[in-house]
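Visitor: I am new to this structure and would like to learn how its descriptions are reached. Could you take me through the reasoning?

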Amino acid sequence: LRRPAWIVAATVLLAVCHITFKQLFALADLPRFAAYGMAERTLWQVLLGGSGFLLVWRTPLVTAGRVLGWLALAHFVAFTLLLHNPLWNVQAVGPLPVLNLLLPAYGAATALVLWLRPTTPARWMSDAAAMLLLAVGALSLLRQAFSGTILLQPMGAGEDLLRSLLAITLALAYLAWGARTGQRSWRVGSLVLMLGAVLKVFVLDAAALDGLARIGSFFALGV
């Protein structure tokens, strides 16, 4: 009965820690949640993941550390990536370009995916998750550079074209990393992202241009 008892005790302790942590931000209404919700989730994610890493690195509690890592990753996916994503939910991410809450949130999640790679059923799953997080994080940072701390602002034509350029740049970076490390999953991911960017340019971006601008966009895409 020792192992189940330790599991129950650790679960109760984690719940108490989380309830205590929630008091620091005291998100009692929607305006306060919009202003500080992203900060609260990101800090809790970093604390969970960092505690798990320290347990694996400094103690024999390897399983407990990895469980904390998976909990931190699941917390990010459920709340920051899906439910309260700043791209479609009113969440303040910070006024500064790049140096805002998006960078630690997506950076920590990507690091957790790569750190937990040995515990996943297949290597390509963690690589695909890392590529997805990098792409969504980069697009979110680009959105913040144009809209500010709240990302739900109207999008201009210049930003839309930069999104296509960013996707192509990321695809080239994935290809370079896959070629350097010999990982086929990153090269396949590069192909998928590149095809998606090319289709977007042909179907959506070029439809909004005419004359020399359309010729220039096709030329740039060919290069």
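Visitor: What makes residues in the lining of the largest pocket nonpolar, polar or charged, and how many are there of each?
Guide: This is a predicted model, and its largest pocket is lined by 19 nonpolar residues, three polar ones and one charged one. The sorting goes by residue type: Trp, Ile, Ala and Val, for example, count as nonpolar. Trp 6, Ile 7, Ala 10, Ala 64 and Val 67 are the closest to the centre of this pocket, out of 23 lining residues, so these five belong to the nonpolar group.

Visitor: Which elements supply that lining?
Guide: Helix 1 (2-25), helix 2 (30-58) and helix 3 (62-83) each give two or more residues. Helix 1 has the largest share, with 10 residues. The volume of the pocket is about 810 Å³.

Visitor: What is the volume of the second largest pocket, and which residues are closest to its centre?
Guide: Its volume is about 340 Å³. Of its 16 lining residues, Leu 165, Ile 168, Ser 217, Ala 220 and Leu 221 are the closest to the centre. Leu, Ile and Ala count as nonpolar, while Ser falls among the others, so Ser 217 is polar. In the whole lining of this pocket, 11 residues are nonpolar, four are polar and one is charged.

Visitor: And where does this second lining come from?
Guide: Two or more residues come from each of helix 6 (157-181), helix 7 (184-205) and helix 8 (212-222). Helix 6 gives the largest share, eight residues.

Visitor: Why is Ser 190 called buried?
Guide: Buried means under 20% relative accessible area. Ser 190 has 5% relative accessibility, so it counts as buried. This residue lies in helix 7. Leaving aside residues up to four places away in sequence, Ser 190 touches Ala 171, Leu 172, Tyr 174 and Leu 175.

Visitor: How do you know what span to expect for helix 2?
Guide: The expected span is 1.5 Å times one less than the number of residues. Helix 2 has 29 residues, so the expected span is 42 Å. From its first C-alpha to its last, helix 2 reaches 40 Å, which is close to that value.

Visitor: Where is the kink in helix 2 centred?
Guide: The kink is centred on Tyr 36 and is about 55 degrees.

Visitor: Which residues of helix 2 are buried, and what covers them?
Guide: Among them are Ala 34, Gly 37, Trp 44 and Gly 52. Their cover includes helix 1, helix 3 and helix 4 (102-115).

Notes:
Residues numbered from 1 in each chain as written. Predicted model: local features only at pLDDT ≥ 70, side-chain atom pairs only at ≥ 80, totals over all residues. Heavy atoms only, no water. 1 Å grid on protein atoms, 1.4 Å probe; cavity = no way out; pocket = protein on both sides within 12 Å on 5 of 7 lines; lining within 4 Å. Points joined across faces, edges and corners; volume = space filled by probe spheres on them. Helix = DSSP H or I, 4+ residues; strand = E, 2+ residues; numbered from the N terminus. Bend = angle between axes of the 7 residues up to and from the residue. Buried < 20%, exposed > 50% of the residue type's maximum accessible area, 1.4 Å probe, protein only. Contact = heavy atoms within 4.5 Å.
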